[in-house]
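User: Can you walk me through how some helices pack here, and then any empty space inside? Short answers, please.

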Amino acid sequence: MTKKDEGKKLSDPAPTDYFSSVSLLSNDLHQDGAGRQDVHQKKGLRGLLFPLQQLALNSSLLTRVECKSSTNKNEGPGYLKRANTEKLQVIFQRYASVEVEGEKYMTPNDLIRKFLGLYAHENYNPKSVKLLAGIIDTSKDELISYPEFQAFEGLLCLPDALYQIAFQLFDTKGTGLVTFDEFQEVIKETVLHQRIPFDLDGGFVKLYFGRDKKRVVTYAEFSQFLHDFHEEYAVEAFRRFDKLGSGYISAMDFYQIMTQIKQHLLTKEVSENVVALAHTHRVSFPFFMAFNSLLNNMELIKKIYLNATQGSRTSEVTKEEFLHSAQMMSQITPLEVDILFQLCDLLHQTGRIQYSDLQAIAPEQYFKQITRRLTDLKAVDKPEDRGFFIQILESVYRFTLGSIAGAVGATAVYPIDLVKTRMQNQRAGSYIGELMYRSSADCFRKVIRHEGFSGLYRGLVPQLIGVAPEKAIKLTVNDLMRDKLMNPKNHTIPFWGEMLAGACAGGSQVVFTNPLEIVKIRLQVAGEIASTSKISAWSVVKELGFFGLYKGAKACFLRDIPFSAIYFPAYAHMKVKLQDANGYNHPLSLLAAGAIAGIPAASLVTPADVIKTRLQVAARAGQTTYNGVIDATKKIWAEEGGKAFWKGAGARVFRSSPQFGVTLVTYEILQRLFYVDFGGTRPTGSELNIPAGGIAPEQKSMNPDHIGGFEVALPILSGIESKFGLFLPQFSNEPGKRA
């Protein structure tokens, strides 16, 4: 083939699988002569065709890789953002150790061991490294070019990246098809095959590759074959262990099959109870198949549970209720339901299941985590390591974030708070003259007219000084009490526990709230009367003294305790109602939950807030004075009627509802951004996790050079091992053994 023909070949429309466009050049170069051409000759030709090859790769990626950076309809969760081309090229140059005719190339060692950090030990297995590098090395010349490197990064963004990469592992010749010989070559290298050999001459293999094993399979066909092969492998292992043909195997044989072939289905909790589940010490074939089917269908099981509980994730469900909900889904058999409840009963012995049980049982999946973190620290390795000091650190962490969140929330709604205070302090019947404000809107306009825009923020500084610890202690105590009152087995808290936690939070904040409120209120009403002397926060503190700062504290308790007892449970339940199908709370849903929960909490305690305001404001000449909560209640009722207790209710709702919405959304976003794992509980709905094909547990890369699709390279390669059992030997002198 001439260079002109090769150039034309690369300029043809991109095939369905982008690797095919890269392999076209490789195939043509292999057609002439029986052996591999000289690497330098080939690389020189590739250098001449580099622009066309890059064009082919890019055009193919446009059709196959629909990542978040593109302006198409696939901009939702689960689409990774492509790496910046310039940055990716700099990274490639940093790791590439071979130069041929002015072009840099990576070797298998450069890519697998240095860049990805796999097989980092000295006694590594070179054949395993070569097989893995072959996934990226589409030309199969053991030299990886930048176009191949960039194309692989794009491949990792694909929703079916797991199957695509597994296909490339078996496509050892880079033809875009897999033959039986290629499949056999790779499968015989795996640890699993050397421990439990699979019958490669059996009927299952012949169904896919033909009786003479000459048939080749495409990517789509191979993806189905690989899935079915792994399922068939477990059945084949059952037959091997059932030497008598009785249809039974021992509990230990069952454990061996599950941990060696089906380990991707086993969470820590399930793995610890596999043997105990076989209570008769023998496992029948129907039980074996039902158990595997159950674990394979855990997402469907979750939907059945949510259907039975009408969306609640905390309700307990009996076997009868679950079976009733499962009637419309014939895939779930009664035997599978029996096994599910047996397994849950081994975990907590209640005879019922909760959503947390299903999460503990559901197979670990690789998740494309969309929630971005500025920090990702781990204070303890496991929850059992939480000591007194760690719990103190956790409270300090929450207190700090709560302080920032409180300040943000207070600043956002301070003008509304000022209007609310002035409306509540406006009295009828005890002061000669017209009312200063006809409505909250009138009050807002007059403050702007007479005091300027800054008048809306009169008293903000002492508010911020006080609101930081006030909101911080409220949020910290609520979280602390919820942790203490939570059931450690199923991680749920009863409704009375939620109210008690909120009440404790409300009571604890009064030590900060009362001094803050009395200074703020006196500064807020100071602008109503013309005065030559300027009133400052310090002058108010000096005038009142220490004990004066706690004037009206009883009314403050009367307001803050029921407010928090109503607010925090309402917020927790609204969060659950506003979660998406994956149990995630978008920041806007947090804002809405906080604002909605604030409506009943703020409105119902308005009478206590009016009494507190009257007690804390210095009465002017001709105004009624009050001597305590009861006295104030009687006099307000006698002079102004029952309506006076609801003065400023609208302004209070409009202030408290958005303030707590902003405060809570800020608090939770800060916990997401500045993530520290103290081994305790985390806010529900705080992680946006998009399942990506049921891959193995995430292995987070700490290499800053792993950008774009390479962020998920390690967990996807790990998923090939765990999901399909394709474990390759780690050490050169230990064939058949993993590290």
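**Helix packing and cavities**

Analyst: Helix 14 and helix 15 are roughly antiparallel to each other, because angles over 145 degrees count as roughly antiparallel, under 35 as roughly parallel, 65 to 115 as roughly perpendicular and the rest as oblique. Helices here are DSSP runs of H or I with at least four residues, numbered from the N terminus. This is a predicted model, where local features need pLDDT of at least 70 and side-chain atom pairs pLDDT 80 or more, while totals for chains, interfaces and linings use all residues. Residues are numbered from 1 along each chain, and side-chain values use heavy atoms, without hydrogens and water.

User: At what angle do the axes of helix 14 and helix 15 cross?

Analyst: Roughly 155°, and the axes come within 8 Å. Axes are lines fitted to C-alpha atoms, for helices over the stretch in contact, and angles run from 0 to 180 degrees between N-to-C directions.

User: Which residues of helix 14 and helix 15 make the contact?

Analyst: Ala251, Met252, Phe254, Tyr255 and Thr259 of helix 14, with Ser271, Val274 and Val275 of helix 15. Contact means heavy atoms within 4.5 Å. By class, there are six nonpolar, two polar and no charged residues. Ala, Val, Leu, Ile, Met, Phe, Trp, Tyr, Cys and Pro count as nonpolar, Asp, Glu, Lys and Arg as charged, and the others, Gly among them, as polar.

User: Next pair. How far apart are the axes of helix 17 and helix 18?

Analyst: 9 Å, at an angle of about 105°. That makes helix 17 roughly perpendicular to helix 18. Among the residues that meet are Ile301 and Tyr305 in helix 17 and Phe322 in helix 18.

User: And helix 26 with helix 27: what angle do they pack at?

Analyst: About 150°, with their axes 8 Å apart. Helix 26 and helix 27 are therefore roughly antiparallel. Their contact has 14 nonpolar, two polar and one charged residues.

User: Now the empty space. How many cavities of 30 Å³ or more does the search find?

Analyst: Six, over the whole structure. A cavity is a set of points on a 1 Å grid over the protein atoms alone where a 1.4 Å probe fits but cannot get out, and lining residues have an atom within 4 Å of a point. The largest cavity has a volume of about 170 Å³, a volume being the space filled by probe spheres set on the points, which are joined across faces, edges and corners.

User: Which residues are closest to the centre of the largest cavity?

Analyst: Glu470, Lys471, Glu517, Arg559 and Arg655, out of 19 that line it. Helix 23, helix 24, helix 26 and helix 30 each give two or more residues to the lining. The lining divides into four nonpolar, five polar and ten charged residues.

Conventions: 1 Å grid on protein atoms, 1.4 Å probe; cavity = no way out; pocket = protein on both sides within 12 Å on 5 of 7 lines; lining within 4 Å.
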